[in-house]
Amino acid sequence: MRTLIRWAARLYPATWRNRYAAEFDALLEDISPSLGDLFDVLADVLRVRAITSVDACLVSGPVFPMSVRLPVVVSLTAHGLMIALVLLAVWGHVTTMPLHVVAPLPPPTPEPPPQVTDARVFPNALTLYSSLPLKIPAQGGTLPLYVAGGVGINFLSLPDIGAVYRQGNAEWRVWPGQALESFIVRRVLPEYPRGTSARGVVSVFVEYLITRDGSVKVLRTSGPPPFAGAAQSAIERWIYRPLEYENRPCEVLSRVEVRFDSEFANSGISR
């Protein structure tokens with residue numbers, strides 16, 4: 001900024017520079033000049049130039065309107081152009097900034113269709129797990145569904161409901177799965193194991209723990225290995241919101257029955 005102000009000071013008449021140049025440079029070294037100081041110098045240059053031009057015309061000869069006005073106009077026009085060039089240079093110096101190009105965001109990944117169990121597997125059950133999707137569409141909307149053909153999940157009656165079990169420092173509270181439906185964030189349904197020779201209905205009983213962070217850990221299974229493995233793999237991918245009891249984080253124990261029916265699995269389900 002000092003360099004620009006010194007350059008602007010050169011626009012003063014020679015008589016002014018010979019008299020005040022040294023004092024002006026000393027003053028400039030003692031301050032921290034700003035953009036406003038540059039404008040003040042340029043405005044003063046115009047004032048001094050205008051006065052000097054008029055004085056020169058008055059001293060040099062008789063006073064004629066055109067002889068006085070023409071030098072003033074020429075001087076002001078020339079110096080106005082010079083000042084405009086200075087301002088353009090300063091404006092470009094102050095406001096020029098690198099452009100940051102922001103790449104467009106990729107389109108959102110579509111959510112997979114909701115999964116529901118095959119209601120035919122438990123024809124008489126009153127508490128079918130995942131008989132409805134997690135999200136219901138707005139009125140008039142359509143909802144594609146994925147039906148796990150030949151697979152059903154039924155809530156078990158828990159004789160020890162409300163009981164508390166302690167494992168070291170951990171405390172587990174027994175609670176039925178249907179009472180926790182409003183807390184579930186993600187559920188994955190087992191798929192019928194392909195390549196098995198089993199026929200008819202196969203049941204797998206699963207005892208699982210909802211931990212404090214909402215993840216699920218299967219504690220025990222009862223059933224043939226291919227089917228028990230399919231049930232455990234799916235249930236351990238369930239996610240719940242963290243649960244609380246009396247305003248304290250807690251872990252919940254629950255049990256379900258997963259039933260596989262080869263007849264319905266092989267018949268096919270529209271999806």
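Here is a friendly exchange about this predicted model, its second largest pocket and the strands β4, β5 and β12.

Modeller: In this predicted model, local features need pLDDT of at least 70 and side-chain atom pairs count only at pLDDT 80 or more, while totals for chains, interfaces and linings use all residues. Residues are numbered from 1 along each chain as its sequence is written, and side-chain values use heavy atoms, leaving out hydrogens and water.

Biologist: Which residue in β5 is the bridge partner of Gln 167?

Modeller: Happy to trace that one. Strands (E, at least two residues) are DSSP runs numbered from the N terminus, and two of them pair if DSSP finds at least two bridges between them. Strand β4 (residues 164–167) runs antiparallel to strand β5 (residues 170–174), with 4 bridges. In β5, Gln 167 is bridged to Ala 170.

Biologist: Which residue in the turn of the β4 and β5 hairpin has a positive phi?

Modeller: The hairpin leaves 2 residues between β4 and β5. With a phi of about 65 degrees, the turn residue is Gly 168.

Biologist: Which residue in β12 stands opposite Arg 173?

Modeller: Good one! Strand β12 (residues 251–261) runs parallel to β5, and 3 bridges join them. Opposite Arg 173 stands Val 252.

Biologist: How many residues lining the second largest pocket are charged?

Modeller: Arg 173 and Val 252 are both in that lining, which also includes Trp 175, Phe 183 and Glu 244. Ala, Val, Leu, Ile, Met, Phe, Trp, Tyr, Cys and Pro count as nonpolar, Asp, Glu, Lys and Arg as charged, and the others, Gly among them, as polar. The lining has 9 nonpolar residues and no polar ones, and the charged residues number 2.

Notes
1 Å grid on protein atoms, 1.4 Å probe; cavity = no way out; pocket = protein on both sides within 12 Å on 5 of 7 lines; lining within 4 Å.
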